[in-house]
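Hello,

Here is the structure I promised to pass on. Please open it first, then read my notes below.

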Amino acid sequence: MSSTDNGSAISAEAKKAEMRMNEKKCSWASYMTNSPTVIVMIGLPARGKTYMSKKLTRYLNWIGVPTKVFNLGVYRREAVRAYKSYDFFRHDNEEAMKIRKQCALVALQDVKAYLLAEGGQIAVFDATNTTRERRDLILAFVKENAYKVFFVESVCDDPQVIAANILEVKVSSPDYPERHRERVMGDFLKRIECYKVTYQPLDPDDYDKDLSFIKVMNVGRRFLVNRVQDYIQSKIVYYLMNIHVHSHSIYLCRHGESDHNVEGRIGGDAELSPGGKQFARALREFVEEHDLSDLKVWTSQLRRTIQTAEELGVPYEQWKILNEIDAGVCEEMTYEMIQNSFPEEFALRDQDKYHYRYPGGESYQDLVQRLEPVIMELERQGNVLVICHQAVMRCLLAYFLDKSAEDLPYMKCPLHTILKLTPVAYGCKVEMFYLNVEAVNTHRDRPLESLCEGSDFDSSEETSSCVRF
């Protein structure tokens with residue numbers, strides 16, 4: 001081939017790569033939202049509305065639909081700096097009622113700004129919204145701005161669930177700086193009684209029969225779904241019907257070190273290295289020492305995760321959707337080989353690692369879509385150990401830790417380390433266990449070092465402890 005032909009080929013390849021980079025970066029899920037949606041929470045205090053709002057928002061952002069919570073309690077605390085008692089919530093407290101309505105109007109204007117100017121697609125209006133008057137105000141706002149609306153009503157009459165919610169969440173609320181459990185419980189129960197006086201639940205048979213909504217009864221024991229309008233609303237319903245409020249932990253780790261890891265190759269279906277086999281034995285000791293007898297174990301269908309699980313001596317399930325990201329034409333190559341053979345592709349991936357798709361393979365965005373059923377099952381299960389791969393573990397962690405698409409591909413998930421995730425009130429507690437088995441480092445930093453800050457566990461809320469085991 002002449003140098004001219006060679007130059008033309010390189011130029012054509014570069015142009016093709018540029019076209020791929022300039023494609024609209026839009027998630028598969030966000031294509032399904034043809035107009036902005038406002039999700040309106042409904043329910044008495046201590047019914048888990050904020051819990052559902054935060055989890056739903058985390059899920060929607062993870063699948064690529066820009067979503068934000070607007071919590072009316074935050075607006076109220078801005079307007080009234082010092083909370084005194086439940087008297088503020090009495091329906092005959094006219095001054096307080098005016099303040100509360102004004103807070104709702106301000107919050108709705110912020111919803112409008114988010115959906116109109118900030119690129120948002122879904123806004124979650126997290127408040128009690130227990131009266132038809134308040135809901136009619138929201139419906140008028142939605143109609144005026146041509147938004148879609150979906151109501152989520154949480155109904156709970158189980159006193160044990162309500163009391164547990166008050167103690168877990170409300171005792172630490174900014175409304176109660178003194179943290180006195182008995183006083184908080186007493187005042188909050190009176191606050192609930194104030195709302196009960198005017199509470200008008202959704203009426204599926206008459207007044208509200210034309211609205212789109214889901215009623216969640218007693219934290220997911222029963223559901224009532226009415227007039228789902230579109231794909232994204234069906235996703236919301238599906239998610240809310242899968243989240244279960246129960247105490248459990250999720251253990252995430254990668255397979256033991258593989259021969260490909262040692263050689264610096266990506267992908268493939270390599271077997272464990274001697275160090276990887278040593279980790280598998282250490283993992284068995286970890287499971288035995290922590291008495292994880294009711295533990296379910298999941299692996300991918302690749303040999304390195306199966307060999308790691310085999311050493312545990314317990315039943316395990318193989319999931320094809322837990323297989324590592326498909327590197328396409330770059331499978332079983334080192335990064336140096338990729339840079340030499342596909343320099344444009346190598347550069348493109350560094351420019352936008354989340355959206356970049358290997359030729360003939362997958363992107364992180366594709367992987368998130370593939371892993372959605374795993375997230376749904378993890379939300380439903382008890383204690384689970386997931387033995388997976390670096391990219392897969394990053395995607396799962398990003399869901400639980402609410403990480404952005406930009407940070408997700410750079411989260412550090414070292415070999416021979418176990419992460420224990422325990423869902424708590426509005427987030428996730430993380431414990432890290434390093435099993436003292438040496439392994440190669442497979443992490444590639446973000447190209448600009450200064451941008452790498454904050455890409456893994458950088459807040460005390462996320463990493464509560466790191467243990468060498």
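Start with one pair: K55 and E379 form a salt bridge, with their closest N and O atoms 2.7 Å apart. This pair links distant parts of the chain. K55 belongs to helix α2 (residues 49-62), E379 to helix α14 (residues 364-380), and 324 residues separate them. Both K55 and E379 are buried. Keep in mind that this is a predicted model.

There are 20 salt bridges in the structure. Another joins E153 to K215, again listed with closest N and O atoms 2.7 Å apart. E153 sits in strand β4 (residues 148-155) and K215 in strand β5 (residues 213-217), 62 residues apart. E153 is buried, at a relative accessible area of 0%. K215 is buried too, at 9%.

D366 and R357 also meet through their side chains, at 2.7 Å from N to O. D366 is buried at 17% relative accessibility. R357 is partly exposed at 39%. Elsewhere, salt bridges with shared partners tie R76, R77, D175 and R191 into one network.

Next, helix α6 (residues 159-169). Its buried residues are I162, N165, I166 and V169. Seen down the axis of α6, they fall within an arc of 100 degrees, so they line one face of the helix. They pack against α7 (181-198). D158 caps the N-terminal end of α6, with a side-chain oxygen 3.0 Å from the backbone nitrogen of Q160.

Finally, the whole chain. It has 15 helices and 13 strands. Of its 469 residues, 52% are buried. The chain exposes about 22,100 Å², and carbon and sulfur atoms supply 49% of that.

Best wishes

Definitions and conventions. Residues are numbered from 1 along each chain as its sequence is written. This is a predicted model: local features need pLDDT of at least 70, side-chain atom pairs count only at pLDDT 80 or more; totals for chains, interfaces and linings use all residues. Side-chain values use heavy atoms; hydrogens and water are left out. Helices (H or I, at least four residues) and strands (E, at least two) are DSSP runs, numbered from the N terminus. Buried means under 20% relative accessible area, exposed over 50%, partly exposed in between (1.4 Å probe, protein chains only). Accessible areas come from the Shrake-Rupley method with a 1.4 Å probe; for residues, only the protein chains shown count as cover. The arc is that of the directions from the helix axis to the C-beta atoms. Contact means heavy atoms within 4.5 Å. A polar contact is a pair of N or O atoms within 3.5 Å; within protein, one must be able to donate a hydrogen and the other to accept it, and residues adjacent in sequence count only if both atoms are side-chain atoms. A salt bridge is a side-chain nitrogen of Lys or Arg within 4 Å of a carboxyl oxygen of Asp or Glu.
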